[in-house]
Amino acid sequence: AWPSSPFDLANLPGHYGWQTALAMAAHNGTAFGTHIVFTYGPLGFLTVRQLNYSATAVAAYVFTLAISTAVFGTLIWSLRRSVPLVVAIVVAYLVGAVSLHAVDGPEYVLGLVFVICVAVLSRADNDPAPRWIWVGLGGVLSIFSLVKVSLGVGIAAALIVTVAFVPHGRGRAIGALAIGATSTFFLSWFGTGNGFGNIVPFARSSAEVISGYSAAMSIEDPTRRYVYWLAAIVAVLIGLFAVVHGRRLPERSRIGIG
């Protein structure tokens, strides 16, 4: 999990300029939604490990290390329930390394949230998830919504499904999610120099950017159409694992995991 490459600190020319812009916005406390509009939000600088400013670079380093550690830790925890520890460490290292290097951005957090949501739905009826898990998931929702709004959409969808299909304690889960999400959002929002006046413009401009991004930026490459087949194979495999994993669970949990 250790982000050890010193080349990450290099401020490269070309299309990496947007990363420098995110660091500049954080350094100057620029208001998002009114003075800057982008696919990333006010915490987007946490994904920029370039050395633009010492404070933003250190924060990004700590953030990257924390999320990477969480990915590897969750993989080992999940694998330990079915394979020996040594095997779990090896598999987690390979899978985690591939995912962290293959995904160009913080999108791998969606996989992390997915694993936690499946674990919550897999718990017995008389063993509800601890409150701190829901509070933590609410915090993750807020932080990554402010890192990149589209991530917040995906995380919110996973949480809605999970809360809807937990056997008991939905009201308790919603309350804990709200506490974690609200407190983290306001702490992060105001801590990055934003205020009440640009919350609505930020939400509106982010929705406009997200809705138009794919149409404006996507280019179909005929030589890479095999990717669709690979995606289909992965979808089938995930479905098979979901069926095998949920066959002994209550119906509500099986539907939620599905």
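A nonpolar patch lies on the surface of this predicted model. Tyr226, Val227, Leu230, Ile233, Val236, Leu237, Leu240 and Phe241 make up the patch, and together they offer about 790 Å² of accessible area. One of these residues, Val236, sits in helix α9, which spans residues 226-246.

Turning to charged pairs, the whole structure contains 3 salt bridges. In one of them, Glu107 pairs with Lys148, with 2.7 Å between the closest N and O atoms. This bridge ties together distant parts of the chain, 41 residues apart: Glu107 belongs to the loop between α3 (85-102) and α4 (109-121), and Lys148 to the loop between α5 and α6. Lys148 counts as buried because its relative accessibility is 14%, under the 20% limit, while Glu107, at 25%, is partly exposed. The surroundings of Lys148 also include Thr39, Tyr40 and Gly41, which are among the residues it touches beyond four places in sequence.

A further salt bridge joins the side chains of Arg123 and Asp127, at 3.1 Å from N to O. Arg123 is partly exposed at 26% relative accessible area, and Asp127 is likewise partly exposed at 36%. Arg225 and Glu220 also meet through their side chains, with an N to O distance of 3.7 Å; here Arg225 has 47% relative accessibility and Glu220 has 45%, so both count as partly exposed.

Asp127 also serves as a reference point for Pro167, a residue 40 positions away along the chain, with 9.9 Å separating their C-alpha atoms. Pro167 is found in the loop between α6 (149-165) and α7 (170-191). Leaving aside residues up to four places away in sequence, Pro167 touches Asp125, Arg252 and Ser253.

Terms used. Residues numbered from 1 in each chain as written. Predicted model: local features only at pLDDT ≥ 70, side-chain atom pairs only at ≥ 80, totals over all residues. Heavy atoms only, no water. Helix = DSSP H or I, 4+ residues; strand = E, 2+ residues; numbered from the N terminus. Contact = heavy atoms within 4.5 Å. Patch = residues over 30% accessible without salt bridge, like charges linked within 9 Å, V, L, I, M, F, W, Y side chains within 5 Å. Areas by Shrake-Rupley, 256 points an atom, 1.4 Å probe, with all protein chains shown as cover. Salt bridge = Lys/Arg side-chain N within 4 Å of Asp/Glu carboxyl O. Buried < 20%, exposed > 50% of the residue type's maximum accessible area, 1.4 Å probe, protein only.
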